[in-house]
Every structure is written in structure tokens, then in C-alpha cells.
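Work through the exercises below with the structure open. Try each task before reading its solution.

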Amino acid sequence: MKIQFAPLNVPLQRRLQTAAVLQWVFSFLALGVLVAGGFGNFCTEATGFSHLFPGLRSYLLMLPFWFRVPFFRDYIMCGGLVSSCKSSLSYLVSRPNGGNVAVIAVGGATEALDARPGALTLQVKNRKGFIKLALKHGAQLVPVFSFGENELFDQMENPSGSHLRRLQNRLQSIMGIAMPLFHARGVFQYSFGLIPYRKSIHTIVGKPIPVSQTACPSSEDIDALHTVYLQSLMELFEENKTTYGLEKDQHLTFI
């Protein structure tokens, strides 16, 4: 394999960007294939969240496993990340005067194993826990989609039924986290490494879905709101896909 090295005359600004990304990569490998759009947009002021949404404070939810790791727990909490367990989510959305935004990667660890360039498959069809909590607390649901998220990394082929996929599924069932074997570029060369490719991510925030508070939501209530959420997410994708480089015949798949 021929290695393509970075030129020596790369501008200082780009060197600093690479250094920042390197720190981020080794800090947040725990997020699956990094949820770069979610972290950059909702845990930092890189895209001006507080100016776009004044009065709101966002929290990115992360697998509970990582909050049991000494020191790392304190580090990620400083970055605005909180545990994705039910009690944490309930605490965030039950604030009397509102103002908290709980950002959830609904597909979670399982979806990370299918994240690769061109992938448009979302693990949301049977994910209804967040729907139930939204109903219990009367919290609005806001569909969000990041175009370009899956273009940042390549991943080793791991089709369903393969030895690698079975091993990954087994580790996930034991540890509760995904172990995707992803790769992209390096610090001083462009051929291999864990630094993401220099690709744009465009995060689109949809219209809030009103939710009536229901203390004990029934299965019918949950299914109805879940259907509305999926429809809103699909419409958000369809309305914006051609603007951000996708073809008209490309569609989301919910599994």
C-alpha cells in the first residue's frame, strides 16, 4: 500500500484543526463511530448553538458504561455529556420550566456497526423508550439528521452472520458498547489512521413535535407518537437530501 504523506506547507490553521480532532478522537472513541455532528453541534459552541437556540442548554447522552470509568467519567461530564440511562434522561426533561435539550443517538451501539460511507440505515424502528419518556414528561420531540456523518470513516466489512459481526455482537451483549473496526487517515499521512476524513457534516434540526403529557402512556399512545416521529424524520431527510449531495433516489431505511 502506497502511503500519501501530508505536505510540509500545510497552513497552521489546518494543523491546529488536526490537533484538536486528535484530542477529540482519543477522548470520544466511546461514542461508537464518534457522533461527530452531535458532539460538535450540541456540546460545543463551534456552530453557535446558544445563539441559534437562546435559552436552551443541550446535553449529549452517552452509554452508561463510560460513567463507571474513573477520571474519564469526570472528563466527559465536563464536556456536557450525561448517561443515557432512564433516570438521567427523565431528570433532564422533567425540569419544571423546561430549557434542557437531551440529544439522543437513537440507533445507539448497534447502529455504529453499520456506519460507513453511503450508509442510510437507521436502527429506530423498534426503539421506543425515548418515546415513552417524552409522553410521560410532555417533552417535545425534535427530529435531527446529520448529512455526512457516515462519510468520516471507513469500517471493515462486517456483514450480518460473518465471524467478525458475531464477535462484535457478542462483545456488545457483554459490555453494552459497540466495537466497530473503523479507520480513516492519520496525523501526518492520508492513507490510514483514526483521524476522520476532512468531510463536511450538515446537521439539520427539524420542527418540534408537540407531545401531550400522559402519566401512563399505553402501547397505542407510544406507537402513534413513534409513527409521527419516524414520518417527521423521513420528511426532514427528503426535504434536504439533494441540497447536501444525495441523489433523489436515495432514501432512509428504518430497521
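**Exercise 1. A bridge across the sequence**

Task: Find the partner of Asp-223 in a salt bridge, and state what the pair ties together.

Solution. Start with the atoms of this predicted model. Asp-223 pairs with Lys-128, and their closest N and O atoms are 2.7 Å apart. Next, place both residues. Asp-223 belongs to helix α9 (residues 219-240), while Lys-128 sits in the loop between β4 (121-122) and α7, so the bridge ties together parts that are 95 residues apart in sequence. Then check exposure. Asp-223 has a relative accessible area of 35%, which makes it partly exposed. Lys-128 is partly exposed too, at 30%.

**Exercise 2. Two further salt bridges**

Task: The structure holds 4 salt bridges. Give the closest N–O distance for the bridge of Asp-74 with Arg-73 and for that of Lys-241 with Glu-238. Are the residues involved buried or partly exposed?

Solution. Take Asp-74 and Arg-73. Their closest N and O atoms are 3.5 Å apart. Asp-74 is partly exposed, with a relative accessible area of 42%. Arg-73 is partly exposed at 35%.

Now take Lys-241 and Glu-238. Here the closest N and O atoms are 2.7 Å apart. The cut-off for buried is under 20% relative accessible area. Lys-241 has 3%, so it is buried. Glu-238 has 28% and counts as partly exposed.

**Exercise 3. The two sides of helix α5**

Task: Decide how the buried residues of α5 are arranged around its axis, and list what covers them.

Solution. First, pick out the buried residues. In α5 (residues 86-93) they are Leu-89, Ser-90 and Leu-92. Look down the helix axis: these residues fall within an arc of 160°, so they line one face of the helix. Recall the geometry. An α-helix has 3.6 residues a turn, so residues three or four places apart point the same way. Turn to the other side. The face directed away from the buried side carries the exposed residues Ser-87 and Tyr-91. Finally, look for the cover. Among the elements over the buried residues are β1 (57-62), β2 (81-83), β3 (100-103) and α7 (129-137).

**Exercise 4. Two prolines in loops**

Task: Place Pro-64 and Pro-180 in their loops. Which of the two is buried, and which is partly exposed?

Solution. Begin with Pro-64. It is found in the loop between β1 and α4 (72-78). Its relative accessibility is 29%, so it counts as partly exposed. Leaving out residues up to four places away in sequence, Pro-64 touches Ser-83, Ser-84 and Cys-85. Ser-84 is 20 residues from Pro-64 along the chain, and their C-alpha atoms are separated by 6.0 Å.

Move to Pro-180. This residue lies in the loop between α8 (163-175) and β7 (182-183). With a relative accessible area of 10%, Pro-180 is buried. Arg-170 is 10 residues away from Pro-180 along the chain; 13 Å separates the two C-alpha atoms.

**Exercise 5. A surface patch and a buried asparagine**

Task: Name the valines of the nonpolar surface patch, then find what Asn-240 touches.

Solution. The patch consists of Val-142, Val-144 and Val-205. Together they have about 180 Å² of accessible area. Val-205 is in strand β8 (residues 202-205). Its relative accessible area is 33%, which is partly exposed.

Asn-240 is in helix α9. It counts as buried at 16% relative accessibility. Setting aside residues up to four places away in sequence, Asn-240 touches Phe-147 and Ile-204.

**Exercise 6. The whole chain**

Task: Judge how compact the chain is for its length, then describe its contacts and surface.

Solution. Count the elements: 9 helices and 9 strands. The radius of gyration is 19 Å, close to the 18 Å from the globule rule for 255 residues, so the chain is as compact as a globular protein of that length. Its C-alpha trace spans about 60 × 45 × 40 Å along the principal axes. Of the 255 residues, 39% count as buried.

Now the contacts. Among those between residues at least 6 apart in sequence, 69% join residues at least 24 apart. Last, the surface. The chain exposes about 14,600 Å², and carbon and sulfur atoms supply 59% of that area.

Methods. Residues are numbered from 1 along each chain as its sequence is written. This is a predicted model: local features need pLDDT of at least 70, side-chain atom pairs count only at pLDDT 80 or more; totals for chains, interfaces and linings use all residues. Side-chain values use heavy atoms; hydrogens and water are left out. Patches are made of residues with over 30% relative accessible area and no salt bridge: like charges are joined within 9 Å, nonpolar side chains (Val, Leu, Ile, Met, Phe, Trp, Tyr) within 5 Å. Accessible areas come from the Shrake-Rupley method with a 1.4 Å probe; for residues, only the protein chains shown count as cover. A salt bridge is a side-chain nitrogen of Lys or Arg within 4 Å of a carboxyl oxygen of Asp or Glu. Helices (H or I, at least four residues) and strands (E, at least two) are DSSP runs, numbered from the N terminus. Buried means under 20% relative accessible area, exposed over 50%, partly exposed in between (1.4 Å probe, protein chains only). The radius of gyration is taken over C-alpha atoms; the globule rule is 2.2 Å times the number of residues to the power 0.38. Contact means heavy atoms within 4.5 Å. The arc is that of the directions from the helix axis to the C-beta atoms.
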